[in-house]
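Let's take a walk through this model together, starting from a charged side chain and ending in the packing around an aromatic one.

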Amino acid sequence: MGALDFLSDYLSDYFYVSIRKRKKHKVMQTVNIRVKMDCDGCERKIKNAVSSMKGAKSVEVNRKMHKVTVSGYVDPKKVLKEVQSTGKKAELWPYVPYTMVAYPYAAGAYDKKAPPGFVRKSEQAQAQPGGTDDTLMSLFSDENPNACIVM
């Protein structure tokens, strides 16, 4: 009887899984949001609103950088909407580290309001693959055996 019980359980589990709708699982992610905060009350209001969201595991608020970091099983659009519901002006974090950009002083990248060490993410600041700068730099590279013979 052991084989028949096993087969019965196996088939019932198979049909049960295929009949019920499969639920899509959210992915664990970190969402960074830029929020204009002036005082402890603003910081507390935002932290309470975001930490009460379903799926939020940790909430970090950095008032000096105007940055809120939320980690957990959350949707970035829903977090942004929740922060905006507090009455604060908010947007997804628009900055990248200064070292990640080829031209940090390009027209769209440099921002006076950016935190120290960060510039705004823009297309003009990114290096074009195969651009003239890359080829010129590779001419005088130590890894290039056909580089300048005089050196």
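**From salt bridges to a packed helix**

Lysine 36 has a relative accessibility of 48%, so this residue counts as partly exposed. Keep in mind that the model is a predicted one. Lysine 36 pairs with aspartate 38 in a salt bridge, with 3.4 Å between the closest N and O atoms. Aspartate 38, at 57% relative accessibility, counts as exposed.

A little further along we meet aspartate 40, which forms a salt bridge with arginine 63 at 2.8 Å between the closest N and O atoms. Aspartate 40 sits in helix H2 and arginine 63 in the loop between S2 and S3, so this pair ties together parts that are 23 residues apart in sequence. Glu43 joins in as well: Asp40, Glu43 and Arg63 are linked in a network of salt bridges.

Now follow helix H2 itself, which covers residues 40-51. Which of its residues are buried? They are Cys42, Ile46, Ala49 and Val50. Seen down the axis of H2, these buried residues fall within an arc of 90°, so they line one face of the helix. They pack against strands S1, S2 and S3 and against helix H3.

Strand S1 brings us to another salt bridge, between arginine 34 and glutamate 91, with the closest N and O atoms 3.6 Å apart. This one links distant parts of the chain, since glutamate 91 belongs to strand S4 and lies 57 residues from arginine 34.

Finally, look at phenylalanine 118 in strand S6. Phenylalanine 118 is partly exposed at 21% relative accessibility, and its contacts beyond four places in sequence include Met65, Trp93 and Tyr95.

Technical notes: Residues numbered from 1 in each chain as written. Predicted model: local features only at pLDDT ≥ 70, side-chain atom pairs only at ≥ 80, totals over all residues. Heavy atoms only, no water. Helix = DSSP H or I, 4+ residues; strand = E, 2+ residues; numbered from the N terminus. Expected span 1.5 Å × (residues − 1). Buried < 20%, exposed > 50% of the residue type's maximum accessible area, 1.4 Å probe, protein only. Arc of directions from axis to C-beta. Contact = heavy atoms within 4.5 Å. Salt bridge = Lys/Arg side-chain N within 4 Å of Asp/Glu carboxyl O.
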